[in-house]
Structures are given as C-alpha cells and as structure tokens.
Amino acid sequence: MMNKGKTAEKRNLGIPLLTAAVIWLAVFFTLYLNYTYSLPLLAVIVIAILTLEKKGIIDRTYIACIKERKLFFLAVLIGALLLPLALSGKPYALHIGVLVCVYAILALGLNFQMGSADMVNFAPAAFFGIGAYTTGVLTMKLGISPWLGVMIAAAITCVLGGFVGAPTLRTKGYYLSLVTMALQLIFSLVIVNIKAVGGPNGMPGLPGFTIGSFSFHQAHDFLGLRLPYQANYLYLALLLLAVLLFVAYRVNLSSKGLALNNIGQDEVVAGCLGININKEKLFAFCIGGAFCGIAGAFYGHYMSFVGPDDYDFSKSLMIICMVILGGMDNPLGVAVGAFLLIGVNEKLRDFADYQMLIYGLILMIALLLRPQGLLPKRVRNYELIFHKKASISHDKKDETVLSVSE
C-alpha cells in the first residue's frame with residue numbers, strides 16, 4: 001500500500017511541471033507570432049480553458065499545483081527567467097509582455113473593489129494616471145529617484161483612494177458607478193488643462209530605472225545574446241506582478257477578503273455579522289488605488305513619457321473588461337483576462353480602423369457565452385492550502401503524546 005501511495009505521489013509531481021510548461025509556451029507563442037497566427041492561438045487558448053474547465057480538469061490541475069506549489073512556483077520561475085531570453089530578437093513582443101504585466105496589476109487593483117466587494121469603479125485609469133503623473137513630477141521637477149517615486153506614488157494613490165472612497169460610502173450600485181465615472185472624466189479634463197504637467201502634450205523625458213551603473217533603458221549582452229532594454233523591463237515587470245499577485249492572493253484568503261465578499265453579496269447581512277462595512281470599503285479603495293498607482297509609476301518610467309491619452313475613460317473600460325472576462329474575485333483569472341485582451345488589442349494595431357469593432361465583438365461574445373469569466377472564483381479550501389502545515393503540526397502533536405505516554 002505504501003508503494004502505491006508513493007507511486008501516485010510521484011505521478012502527481014508531473015502535473016505542476018506540465019502546467020507551468022504549457023502556460024509559458026502559450027505565452028511565448030502568443031507574443032512571438034504575428035497576428036495571423038497569434039489571434040487563432042488566443043482563440044484556441046480560450047476554447048481549451050472552457051473545455052478543460054467543463055470537464056473538471058482545471059480543478060484537478062489546480063489542486064495538484066497547490067499541493068506541490070513549491071515545485072510549481074520553481075517551474076514558473078524558470079519559465080519567467082527564460083521568456084525574455086527566448087524573445088530577445090523580438091523587441092515588440094517584449095513590449096507587449098511588459099504591457100500585459102502592467103495591465104494585469106491594474107486589473108488586480110480593480111478586482112478588490114469590483115470582484116471582491118461588488119463595487120463597480122469606472123475610474124481605475126484615473127488612479128493609473130495619478131501614479132504616473134506623481135512620479136513624473138517628483139523625478140522631473142524635484143530630481144527624486146524613480147524607485148522612490150514609485151513608492152511615493154503608491155502611497156499617494158492609496159491615500160487618494162481613501163479620500164475618493166469616503167464620499168461614496170453612502171452610495172452603491174449604479175450611483176457608485178456614476179460617481180466614479182464622474183471622477184474619471186474630471187481627472188481627464190483637469191490633467192489636460194494643467195500646464196505644469198504638460199497639458200495635452202504630456203511630460204516627456206522621464207528617467208528610467210537604474211541600479212548603480214546598470215541602466216534598465218540600455219541593451220545588455222547576456223550569454224551571447226543581445227537583450228534589448230524591453231527585456232530588462234520585462235524581468236522587472238514579471239517580478240512586480242509576482243509580488244502583487246501574491247499580495248492579492250493573501251488578501252483574498254484573509255479575513256479581509258471574506259469581509260469584502262460578504263459585503264458584495266449582502267451589506268445588511270454583513271453588518272449583522274459585525275463587519276465594519278465602511279472600513280472594509282475604504283480598504284478596498286485604498287489597496288486598489290495603491291496597485292493602480294504602482295502600475296502607473298512603473299509604466300511612466302518604462303515609456304519615458306506621461307500623457308493624458310494613456311489614462312482616459314476608454315482605458316478604464318478596458319480594465320473593467322479584463323476583470324469580467326478573466327473571472328471576478330479570482331486573481332489568476334484577472335491576470336489571464338489582461339493577457340488575452342492586451343494580446344488582442346496589440347495584435348490588431350495593423351487594423352486600427354476596425355480594432356474597436358473586433359475588440360467589441362470579442363467582448364460581447366465572451367460575456368454572452370461566459371458571464372462568470374474564463375476562470376471564475378473558487379470556493380475557498382483552507383484545508384487544501386494549508387494541508388502541509390496541518391500535517392506537520394499534527395505529527396508533532398502525535399510525537400508529544402507518545403513521549404508523554406512513555
């Protein structure tokens with residue numbers, strides 16, 4: 001019996017490795033190929049996700065990856081290290097990869113409000129722009145380091161999230177959506193008319209990130225490969241996304257995540273359970289604003305330019321669509337939604353006249369056929385997530401009992 005158990009355990013070890021390999025291969029070929037092949041590949045990915053989810057294969061794969069999460073994370077890390085090297089000859093593909101990471105962070109920030117607490121926020125692009133303009137002013141006008149500028153931008157957008165969220169505590173549903181929509185429109189109008197930040201021309205010349213003599217805005221040679229500067233930023237973007245994705249998962253599994261879910265389902269019941277509704281809503285606005293501010297500051301230094309066109313109302317709608325398409329209240333699903341929509345959006349730049357038409361059709365079909373998203377939220381299983389810690393503590397407890405009995 002022990003041999004059979006060990007054999008089954010060894011077989012399960014291949015699932016995390018295979019899953020990580022499939023994920024990175026899909027990302028690589030989607031970014032590497034041109035639109036003639038990458039768009040059909042994206043369609044195949046969507047169909048495969050729906051088919052596997054219907055057959056329950058995704059659930060079993062998810063459980064296997066959670067049980068062997070150290071091996072899975074190691075395989076994902078190796079893939080993340082190899083991806084920029086494999087795309088070294090494709091600067092534009094690397095650029096799309098950076099954009100996917102940036103918008104995935106934005107979608108994660110919005111997911112705290114829209115996915116967890118069911119508060120539809122039409123102003124994520126406003127916080128995105130506030131983070132970018134904040135670090136732009138700090139680095140261009142005051143000469144502050146870009147790294148410090150990102151941290152200050154995150155703090156400012158976090159505080160502004162609280163200030164914006166406070167007046168909306170008495171509103172919900174459509175009224176909350178209208179308030180945030182007005183905020184987005186106000187930001188777009190104000191930023192265009194402030195000459196100190198460039199007005200409609202924006203702020204060019206933002207400095208890039210540096211570590212000592214190493215500049216992220218310069219090409220470097222590594223293992224005989226000439227890596228364009230986009231590869232440097234892709235490594236940094238993947239690291240930032242991994243950290244914030246971990247934070248999002250921890251919040252989702254914590255008491256904060258449970259409280260936000262209760263508020264999203266029924267505020268009256270949540271109040272009866274002793275949940276401080278106003279406090280939790282402000283928390284969702286603050287942490288979501290911080291995520292958007294970090295993404296905006298990083299994006300500004302990567303592009304070396306901050307302009308109003310990158311933070312208008314259409315960008316907010318795109319971020320909302322990412323959350324809906326990927327799967328609300330599921331951080332991994334939100335990241336998948338960002339990957340699919342940014343991939344489609346960038347690959348259709350050759351058809352600028354029909355880009356929004358095709359983009360709208362894709363969203364309409366997806367929302368009609370799959371309103372819960374490609375990867376809908378899952379029931380929390382704390383026993384599965386913490387099964388190793390529980391088994392270790394149980395073994396120690398048994399050893400203590402045996403020693404006492406002896």
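Author: Buried means under 20% relative accessible area, exposed means over 50%, and partly exposed is anything in between (1.4 Å probe, protein chains only). The model here is predicted: local features need pLDDT of at least 70, side-chain atom pairs count only at pLDDT 80 or more, and totals for chains, interfaces and linings use all residues. Residues are numbered from 1 along each chain as its sequence is written, and side-chain values use heavy atoms, with hydrogens and water left out.

Reader: Okay, why is Ser 304 called buried?

Author: Its relative accessibility is 18%, under the 20% limit, so buried is the right word. Ser 304 sits in the loop between helix 13 and strand 6, where helices (H or I, at least four residues) and strands (E, at least two) are DSSP runs, numbered from the N terminus. There's a backbone quirk too: Ser 304 isn't a glycine, yet its phi is positive, near 60°. Asp 118, another non-glycine, has a positive phi of about 60°, and that residue lies in the loop between helix 6 (91–116) and helix 7 (124–141).

Reader: How much of the protein chain gets the buried label?

Author: Buried residues are 47% of the 406 residues. The secondary structure of that chain comes to 18 helices and 6 strands.

Reader: What makes Arg 370 and Glu 53 a salt bridge?

Author: The term asks for a side-chain nitrogen of Lys or Arg within 4 Å of a carboxyl oxygen of Asp or Glu. Arg 370 and Glu 53 have an N to O distance of 3.0 Å, so they qualify. Arg 370 lies in the loop between helix 16 (355–369) and helix 17 (382–385) and Glu 53 in helix 3 (residues 35–54), so the pair ties together parts that are 317 residues apart in sequence. Arg 370 is buried at 13%, while Glu 53 is partly exposed at 22%. Side chains of opposite charge can pair when their charged atoms come close.

Reader: And how do you know that Lys 256 and Glu 280 meet in a salt bridge?

Author: Their N to O distance is 3.5 Å, which passes the same test, so that's a salt bridge. The pair links distant parts of the chain, with Lys 256 in helix 11 (residues 255–265) and Glu 280 in helix 13 (residues 277–303), 24 residues apart. Lys 256 is partly exposed at 24%, but Glu 280 is buried at 9%. The whole structure has 4 salt bridges, including one between Asp 221 and Arg 226 at 3.0 Å.

Reader: Why is Cys 158 not bonded to Cys 286?

Author: A disulfide needs two cysteine sulfur atoms within 2.5 Å. The sulfur of Cys 158 is 4.5 Å from the closest cysteine sulfur, in Cys 286, so that's too far for a bond. The structure holds 0 disulfides. As for its surroundings, Cys 158 is partly exposed, at 27% relative accessibility.

Reader: What makes the link between Asp 312 and Ser 314 a polar contact?

Author: That term means a pair of N or O atoms within 3.5 Å; within protein, one must be able to donate a hydrogen and the other to accept it, and residues adjacent in sequence count only if both atoms are side-chain atoms. The side chains of Asp 312 and Ser 314 are joined at 2.7 Å, so the distance fits. Asp 312 is in the loop between strand 6 (305–306) and helix 14 (313–326) and is partly exposed at 25%.

Reader: Which residues does Ser 316 contact beyond four places in sequence?

Author: Contact means heavy atoms within 4.5 Å. On that basis Ser 316 has Phe 122, Ala 123, Pro 124, Ala 125, Ala 126 and Gln 184 as partners. Its side chain also reaches the backbone nitrogen of Ala 125 at 3.1 Å. Ser 316 is in helix 14 and is buried, with 0% relative accessible area. Asp 312 likewise touches Ala 125 and Gln 184, along with Ser 188.

Reader: Last one: why is Leu 369 called exposed?

Author: Leu 369 has a relative accessible area of 70%, over the 50% limit, so exposed is correct. Leu 369 is in helix 16 and helps make a nonpolar surface patch of about 870 Å², with Phe 351, Tyr 354, Leu 357, Leu 361, Met 364, Ile 365 and Leu 368. Patch members have over 30% relative accessible area and no salt bridge; like charges are joined within 9 Å, nonpolar side chains (Val, Leu, Ile, Met, Phe, Trp, Tyr) within 5 Å.

Note on methods: Areas by Shrake-Rupley, 256 points an atom, 1.4 Å probe, with all protein chains shown as cover.
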